[in-house]
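Visitor: I would like a close look at the strands of this protein, and at how they pair with one another. Please take me through them slowly, and tell me how far the model can be trusted along the way.

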Amino acid sequence: MSGASSVRWALHFFLFGSDHVFTPVRQLSLGERQRLQLALLVLSGANLLLLDEPLNHLDTPARERLEEALVKFPGTSITVTHDRAFLEHTSTRVWALTRGIVTVVEQGEEVLENIVITKLRRATEERASATMTAPNGFPLRRCQPHHASVRLNRDGQIVARWLIALLLPLLLTMFSLPSALAAAAGYPLPDGHFYQQANGEGGAGNTGYALTDAHGIPFATAFQQYGGVSQLGYPVSQVFLWQGLPSQILQKGVLQWDGHTVQLANVLDVLHNQGLDSWLATRWLTPPPASTAPDSGLQWPQVVTRHLRFLDASPALKAAYYRVADPLAQYGLPMSPVTDEGPLLAVRCQRAVLQLWLTAQPWAAANTVTVANAGDILKAAGTVPSIALVPARADELAQLTYVAIGASDALGIGASSPKLSYPAVLGGDLQRVFPAVVIDDLGISGATTAQMVTSEVPKLRELAPFLVTVTAGGNDLLDLVPPDEFQRQLHLLMQGILAVHPAVVALANLPDLGLAPAIPVILRAPAEALVQAYNTIIAQEAQADHVLLVDLYTPSVQLLPTHPNLASADGFHPSDTGYKAYAQAFWRVLNSTRA
């Protein structure tokens with residue numbers, strides 16, 4: 001076979017067919033890059049392969065090809081994995097590694113399961129005596145057994161014995177294909193890492209989520225201690241306040257900082273306490289939790305044992321639960337018996353739902369187990385402030401900055417205090433979500449849209465804002481600026497704002513200024529006509545620029561005639577109550593955004 005033919009054969013074997021072999025590497029997905037790395041290994045001529053979690057990012061067909069390749073591989077392969085089915089198909093010997101101790105597994109899955117249970121119980125006994133515990137008594141530290149599978153040829157057996165003794169403790173940090181691939185869609189930060197994989201663009205672009213130890217919250221350190229991407233997935237939120245604690249959602253869990261330590265949140269327990277069991281049953285086919293009354297009076301190890309017995313009713317679900325390195329840390333306690341939910345059997349845990357599909361589905365073959373993960377469930381529940389889910393650039397996240405562009409309304413003219421302006425009130429809402437927010441109000445009293453372009457936008461370029469709110473047009477209306485000129489200036493303003501690439505931009509339309517008490521009755525009809533013309537332009541600009549549109553007009557029409565207290569004493573600017581209504585309108589829209 002020629003060199004070119006062998007390359008095409010290897011690529012075809014790893015599912016790169018037809019003209020796909022000519023695709024530039026930079027355009028490949030993470031799974032495709034993983035398959036390409038494996039094809040390169042096949043072509044390298046090596047007789048010893050060291051693989052760390054090679055199944056990450058692989059779909060079922062690619063996984064099957066990898067298993068086939070390893071079975072046919074004439075040399076020796078040493079693989080670190082948490083997937084026990086993969087171990088069975090590709091290995092001749094298995095070791096379980098826990099806290100630097102290697103246990104040889106010689107009698108199949110049952111022995112392996114017993115090893116994991118023994119380690120878990122030993123760990124929980126130690127943790128029960130610790131002084132710091134999580135809510136509901138859940139332990140904070142974790143035991144993480146790893147499994148290494150080895151497939152040997154005759155010449156490789158003696159070599160492998162030496163290699164295992166010398167290299168196995170290091171395999172978790174070396175030769176990591178998934179780690180190399182993850183770096184392709186992210187980069188290190190001084191105190192952590194910036195991840196782009198879950199930014200809604202397939203890792204493209206420059207937005208994502210920073211996972212760091214910033215502000216004294218050691219999420220990056222805890223993330224690695226919990227097993228990193230293979231155990232928790234990628235971040236899907238910024239750091240925000242949830243349940244009163246700094247939190248960050250990852251695909252498979254939610255990290256929380258209680259001021260002393262980082263722990264994984266019991267998301268399913270929280271949703272139960274919020275009365276969402278019916279939603280979980282409908283959306284995720286999740287059974288309700290069983291009564292915890294039988295736990296009363298039991299020691300923690302006994303509680304663990306009692307809940308683990310829920311899994312005995314389904315060997316497949318039980319195997320899936322123990323397939324991860326530390327089931328208690330990742331999934332929490334099983335909280336329900338195995339329950340028949342029609343197309344599937346399900347067991348509810350504190351941090352995930354394990355589902356055994358009885359019939360084939362578009363997303364799962366019959367008799368396979370899928371996991372509804374805590375992070376995915378929490379995002380879908382809609383109880384998290386949605387602005388916390390918006391991906392952003394790393395420089396925007398280094399110091400989360402909110403900037404207000406506008407005129408006297410941005411400054412709070414008419415309020416009893418600048419602290420009651422709408423940006424100040426909205427900033428307070430943001431500070432209840434994000435641990436640290438900087439507010440920069442660039443508003444200039446009396447500014448027209450044209451003056452905002454020349455005087456406010458240049459300052460914006462120095463701030464790298466995460467969020468920009470815009471209120472424009474009020475002074476244009478007082479100056480009777482023609483709609484076509486207002487449209488031109490508004491477009492220039494928005495282009496200037498978008499040039500600095502904020503994560504979120506919210507543009508407000510004008511309230512019905514024709515209803516303002518200071519407007520003479522004879523001028524209200526012309527004012528109303530100009531407001532409507534301006535608002536049509538604002539809506540078109542928001543749509544063209546793909547920014548959020550905040551409706552101040554509709555509430556003003558509905559409320560101003562019967563709520564004169566929304567206007568200040570000058571009869572034109574909002575009052576304290578009016579600015580609070582402004583802030584609420586912005587917050588409703590910001591809280592409806594989705595990453």
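Guide: What follows begins with confidence in the model and then goes from strand to strand, with a few loop residues at the end.

This is a predicted model, and its protein chain averages a pLDDT of 79, with 77% of the residues scoring at least 70. Two stretches call for caution. Over residues 1-5 the pLDDT stays under 50, and the model has two contacts for them beyond four places in sequence. Over residues 107-147 the pLDDT is likewise below 50, although this stretch has 102 contacts in the model beyond near neighbours in sequence. Predicted coordinates should not be read in detail where pLDDT is low, and the contacts of residues 107-147 are therefore best treated with that reservation.

Let us start with strand β2, which covers residues 76-81. Six of its six residues are buried, so β2 is largely enclosed by the rest of the structure. In a regular strand the side chains alternate between the two faces of the sheet. In β2 both faces are covered, with Thr76, Ile78 and Val80 buried on one side and Ser77, Thr79 and Thr81 buried on the other. The neighbour to consider here is strand β1, residues 48-52, which runs parallel to β2 and is joined to it by five bridges. Within this pairing, leucine 50 has isoleucine 78 of β2 as its bridge partner, and Ile78 is among the buried residues already named for β2.

A second group is built around strand β10, residues 245-250, where five of the six residues are buried, so that this strand too is largely enclosed by the rest of the structure. Strand β9, residues 240-242, runs antiparallel to β10 and is joined to it by three bridges, with phenylalanine 240 standing opposite serine 247 of β10. The hairpin of β9 and β10 has two residues between the strands, and in it glutamine 243 takes a positive phi near 55 degrees. Strand β11, residues 253-257, is also antiparallel to β10, and four bridges join the two; the hairpin from β10 to β11 passes through two residues. Serine 247 serves as a useful landmark in this group, as it stands opposite phenylalanine 240 and also opposite glutamine 256 in β11.

A third group is an open sheet of three strands in the order β6-β7-β8, with antiparallel pairing. The edges are held by β6 (186-189) and β8 (209-212), each of which has a single partner strand, so one side of each is left without a neighbour in the sheet. Direction ignored, neighbouring strands of this sheet are turned by 20 degrees against each other on average. Between β6 and strand β7, residues 192-195, the antiparallel pairing extends over four bridges, and glycine 186 stands opposite tyrosine 195 in β7.

Finally, two loop residues deserve a look at their backbone angles. Asparagine 367 lies in the loop between β15 (352-357) and β16 (368-373), and its phi is near 65 degrees, a positive value in a residue other than glycine. Asparagine 367 has a relative accessibility of 59% and therefore counts as exposed, the cut-off for that term being over 50%. Alanine 464, in the loop between α20 (457-460) and β19 (467-471), is again a residue other than glycine with a positive phi, here near 45 degrees.

Conventions:
Residues are numbered from 1 along each chain as its sequence is written. This is a predicted model: local features need pLDDT of at least 70, side-chain atom pairs count only at pLDDT 80 or more; totals for chains, interfaces and linings use all residues. Side-chain values use heavy atoms; hydrogens and water are left out. pLDDT is the predictor's confidence in each residue, from 0 to 100. Contact means heavy atoms within 4.5 Å. Buried means under 20% relative accessible area, exposed over 50%, partly exposed in between (1.4 Å probe, protein chains only). Two strands pair if DSSP finds at least two bridges between them. Axes are lines fitted to C-alpha atoms, for helices over the stretch in contact, and angles run from 0 to 180 degrees between N-to-C directions.
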